[in-house]
Amino acid sequence: MLRWCLRISLLQQYHRQQHKLTVAEDLFDFHRVTSDTNDCSNTQSKEANPAITKVDLDPYGSPAAFLDSAVQCVADGGILMCSATDMAVLAGGNPEVCFSKYGSYPVRGKYCHEMALRILLACIESHAIRHKRYIVPVISVHMDFYIRVFVRIFTSASTVKTSPLKISHVYQCVGCNSFHLQNVGRINSKDKRNVALPNFCPTVPQECCECGHKFVMGGPIWSDPIHDKEWATSILSNVQAMSGAYPAYAKISAVLTSVSQELVNAPLFVSLHSLCATLKCTNPTMAMFHSALRNAGYQISGSHVDPLALKTDAPMSVIWDIMRCWVKLHPVKSRPGADPSNRILSQEPKLQASFSQATGGLVARKSPRFVPNPEKYWGPKAKAGRPLKTPHMDNCEFRFTANTLEAGDRTSISK
Ligand SMILES: [Zn+2]
């Protein structure tokens, strides 16, 4: 239902923009939808068809097999909607499978769901540029247990040459989870042709400057903006104006509110809890951390992917300097051995962080950005036909007897 609602609201926005219609004049063209029972890859024509302005790929699992034909059949400026439900693969559970399907290595981290979005976008772009086409993401969201992207597809041989500038590798430290991005391509300012050349050697040293551990390399991922904020804001206002028409209004409004407030020029994010877990220190409040970064002259926002996410244009060295200043105010015990926190805290901060409230800092929002799960034990259920290995927790009770844990039916134990 949520996927359907978001698609309808976005297509309405697209329809109005193309035909310069107002909300009242908008007549959604359902009558032009036709069904076909042939193979999806064969049904999608090999040439861009001006009649097909909207294509929705919503397969069970990975859409990778359909992307090559899908990017060819959409008309110039049309919309391709694409879902992927194989989150175990995209989020790093099976990295070798992800590489075989999407051509990218995922990295396990707090930002893995946003990285999944960027892997899918990079995969769509890689298929598009083979046909002198390129993508412009409109909205890309992670919801519930799947990801969904909405991209416009254009044809331009000259723009395709700058595609390497939108793709990056990710270096993630195995000790402190610091991450750094490096573009695949670069522009030579002396070359007037505006052609992307191979980028220079890694931007990170062999060992992390903060904790001394090694890096793993993930990607390539899409590192350009994944949302068009103008579209997101416009869709949100349209959805709010027609709130009664959307059964999943609360959820879709929360997602669009969060998306419209995201920092678009900051790929991936850090998690405040992850930073504090590395240093084994108490958490500053989100408002204090937001203020510290704003006082240092950087931008910061949340993310629709994670309530604890911090998206910022500040480098990792500034983020760790703020945490060092926080630990000076709230000391921690030194850890034994080669714990990453020892080396991080042994360095003096180059920046003196101010945690006083900054102008334009985090304020209480009128609209919720996240909504609670609709019911208890909500989530993907077991595969059909597979017997449950353990009894459901509701019908089971545990008790300690003679130093062993005994499980049994709630009614039999209570007797
Ligand atoms: Zn590190």
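## Exercises on a predicted model

Just after helix 10, K280 takes a positive phi of about 55°. The exercises below concern a predicted model.

### Exercise 1. The surroundings of K280

Describe helix 10 and the residue that follows it, and classify K280 as buried, partly exposed or exposed.

Solution.

1. Helix 10 spans residues 272–279, and six of its eight residues are buried.
2. The buried residues are L272, S274, L275, C276, T278 and L279.
3. Their cover includes strand 10 (270–271), helix 11 (286–295), strand 12 (309–312), helix 12 and helix 13.
4. K280 belongs to the loop between helix 10 and helix 11. Its phi, near 55°, is a positive value in a residue other than glycine.
5. The relative accessible area of K280 is 38%. Partly exposed covers the range between under 20% (buried) and over 50% (exposed), so K280 is partly exposed.

### Exercise 2. A second positive phi

Locate D144 and state its phi and its exposure class.

Solution.

1. D144 sits in the loop between strand 3 (133–143) and strand 4 (146–155).
2. Its phi is positive, about 50°, although D144 is not a glycine.
3. D144 has 25% relative accessibility and therefore counts as partly exposed.

### Exercise 3. The zinc site

Identify the donors of the zinc ion, and decide which geometry their angles give.

Solution.

1. The donors are the SG atoms of C173, C176, C208 and C211, at 2.2 to 2.4 Å from the zinc ion.
2. Along the sequence these residues follow the spacing C-x2-C-x31-C-x2-C.
3. C173 lies in strand 5 (residues 167–173), while C211 lies in the loop between strand 8 (196–198) and strand 9 (215–222). This pair is 38 residues apart and links distant parts of the chain.
4. C173 and C211 are both buried.
5. The four donor atoms subtend angles of 92 to 115° at the zinc ion. Four donors count as tetrahedral if all angles lie between 85 and 135 degrees, so the arrangement around the zinc ion is tetrahedral.
6. For reference, the ideal angle for four tetrahedral donors is 109.5 degrees.

### Exercise 4. H169, S104 and the cis peptide bond

List the contacts of H169 and of S104 beyond their neighbours within four places in sequence, and describe the peptide bond from G219 to P220.

Solution.

1. H169 is found in strand 5. With a relative accessible area of 23%, H169 is partly exposed.
2. Leaving aside neighbours within four places in sequence, H169 is in contact with H180, L181, Q182, V184, M217, G218, G219 and P220.
3. H169 and N183 are 14 residues apart in sequence, and their C-alpha atoms are 6.4 Å apart.
4. S104 lies in the loop between helix 5 (95–102) and helix 6 (112–128). At 2% relative accessibility, S104 counts as buried.
5. With the same exclusion of neighbours within four places, the contacts of S104 are P95, C98, F99, I119, G219 and P220.
6. G219 and P220 are thus in contact with H169 and also with S104.
7. The peptide bond from G219 to P220 is cis, with omega near 5°. P220 is placed in strand 9.

### Exercise 5. Aromatic rings

Classify the pair W326 and F355 by its ring geometry, and explain why the pair ties together separate parts of the chain.

Solution.

1. The structure holds four aromatic pairs. One of them is W326 with F355, at 5.4 Å centre to centre and with 65° between the planes.
2. Planes over 60 degrees apart count as edge-to-face, and the pair has that class.
3. W326 lies in helix 12 (residues 316–329), and F355 lies in the loop between helix 13 (340–346) and strand 13 (396–401), so the pair ties together parts that are 29 residues apart in sequence.
4. W326 counts as buried at 4% relative accessibility, and F355 counts as buried at 14%.
5. A further ring, that of F200, has R186 over its face, at 4.0 Å from the ring centre.

### Exercise 6. The chain as a whole

Give the totals for secondary structure, burial, contacts and accessible surface.

Solution.

1. The chain contains 14 helices and 14 strands.
2. Of its 415 residues, 47% are buried.
3. Among contacts with a separation of 6 or more, 66% join residues 24 or more positions apart.
4. The accessible surface is about 21600 Å², and carbon and sulfur atoms contribute 56% of that area.

Conventions: Residues numbered from 1 in each chain as written. Predicted model: local features only at pLDDT ≥ 70, side-chain atom pairs only at ≥ 80, totals over all residues. Heavy atoms only, no water. Helix = DSSP H or I, 4+ residues; strand = E, 2+ residues; numbered from the N terminus. Buried < 20%, exposed > 50% of the residue type's maximum accessible area, 1.4 Å probe, protein only. Contact = heavy atoms within 4.5 Å. Areas by Shrake-Rupley, 256 points an atom, 1.4 Å probe, with all protein chains shown as cover. Phe/Tyr/Trp six-rings, centres within 6.5 Å; stacked < 30°, edge-to-face > 60°. Lys NZ or Arg CZ within 6 Å of the ring centre and 35° of its normal. Donors = N, O, S within 2.8 Å, 3.2 Å for Na, K, Ca; no water. Tetrahedral: all angles 85-135°; square planar, octahedral: opposite > 155°, others 65-115°.
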